[in-house]
Amino acid sequence: MTPEVRAKFTEKLGSDPRDFNGRAVSQVVRTDGLKLIFSDGSWVCYRLSGTEPVVRVYTEARSEKGLGALSAAAKHWIFE
């Protein structure tokens with residue numbers, strides 16, 4: 001991540017999104033980064049590295065197709 005992208009994304013991490021890629025966020029967890037949980041149990045979690053210029057993105061979904069879509073949306077959200 002460039003310093004500009006990191007600064008913009010860090011600011012975004014401070015918000016509590018109500019929707020994500022057209023899906024309602026049912027719960028926001030800040031225990032270890034920013035985790036957005038959806039009503040079907042799927043989720044996306046963002047963690048900024050403290051030692052590298054990267055953000056780690058973790059996703060879980062009910063199906064492989066759903067996982068692919070959620071992962072693509074999660075990566076895209078970083079750069080919006």
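Reader: Which residue in strand 3 does Gln27 stand opposite?
Author: This is a predicted model. Strand 2 covers residues 23-29. Four bridges join strand 2 to strand 3, and the two run antiparallel. Opposite Gln27 in strand 3 stands Ile37.

Reader: Which residue in the turn between strand 2 and strand 3 has a positive phi?
Author: Strand 2 and strand 3 form a hairpin. Four residues lie between them. The positive phi, about 100 degrees, belongs to Gly33.

Reader: What residue is the bridge partner of Leu34 in strand 4?
Author: Strand 3 and strand 4 pair in the antiparallel sense. Four bridges hold that pairing. In strand 4, the partner of Leu34 is Tyr46.

Reader: Which residue takes a positive phi in the hairpin of strand 3 and strand 4?
Author: This hairpin has four residues between its strands. A positive phi near 95 degrees is found there, at Gly41.

Reader: How many bridges pair strand 4 with strand 5?
Author: Strand 4 spans residues 43-48. One bridge in this pairing links Trp43 to Glu60 in strand 5. The sense is antiparallel, and the number of bridges is six.

Reader: Which strands stand at the edges of the sheet?
Author: Five strands form an open sheet with antiparallel pairing, in the order 1-2-3-4-5. An edge strand here has a single partner, so one of its sides has no neighbour in the sheet. That applies to strand 1 (19-20) and strand 5 (55-60).

Reader: Is strand 3 largely enclosed or left open by the rest of the structure?
Author: Strand 3 runs over residues 34-38. Buried means under 20% relative accessible area. Four of the five residues of strand 3 are buried, so the strand is largely enclosed.

Reader: Which residue has a positive phi although it is not a glycine, and is it buried or exposed?
Author: The residue sits in the loop between strand 1 and strand 2. Its phi is about 55 degrees. Its relative accessibility is 58%, and the cut-off for exposed is over 50%. The residue is therefore exposed, and its name is Asn21.

Reader: At what angle does helix 2 run to strand 5?
Author: Helix 1 lies across strand 3, strand 4 and strand 5, at about 130 degrees to strand 4. Helix 2 lies across strand 1, strand 2, strand 3, strand 4 and strand 5. To strand 5, helix 2 runs at about 155 degrees.

Reader: Are helix 1 and helix 2 roughly parallel or roughly perpendicular?
Author: Helix 1 holds residues 3-13 and helix 2 residues 64-79. Their axes are 8 Å apart, at an angle of about 110 degrees. Angles of 65 to 115 degrees count as roughly perpendicular. The two helices are therefore roughly perpendicular.

Reader: How many charged residues are in the contact of helix 1 with helix 2?
Author: Val5, Phe9 and Lys12 in helix 1 meet Trp77, Ile78 and Phe79 in helix 2. By class, five of these are nonpolar and none is polar. The number of charged residues is one.

Reader: Which element gives the largest share of the largest nonpolar core?
Author: This core has 15 residues, and those touching the most other members include Phe9, Tyr46 and Trp77. Tyr46 is itself in contact with Phe9 and Trp77, among others. Helix 1, strand 3, strand 4 and helix 2 each give two or more residues to the core. The largest share, five residues, comes from helix 2.

Notes. Residues are numbered from 1 along each chain as its sequence is written. This is a predicted model: local features need pLDDT of at least 70, side-chain atom pairs count only at pLDDT 80 or more; totals for chains, interfaces and linings use all residues. Side-chain values use heavy atoms; hydrogens and water are left out. Axes are lines fitted to C-alpha atoms, for helices over the stretch in contact, and angles run from 0 to 180 degrees between N-to-C directions. Angles under 35 degrees count as roughly parallel, over 145 as roughly antiparallel, 65 to 115 as roughly perpendicular and the rest as oblique. Contact means heavy atoms within 4.5 Å. Ala, Val, Leu, Ile, Met, Phe, Trp, Tyr, Cys and Pro count as nonpolar, Asp, Glu, Lys and Arg as charged, and the others, Gly among them, as polar. Two strands pair if DSSP finds at least two bridges between them. Buried means under 20% relative accessible area, exposed over 50%, partly exposed in between (1.4 Å probe, protein chains only). A nonpolar core is a set of buried Ala, Val, Leu, Ile, Met, Phe, Trp, Tyr and Cys residues joined through side-chain atoms within 4.5 Å. Lists of a residue's contacts leave out its neighbours within four places in sequence.
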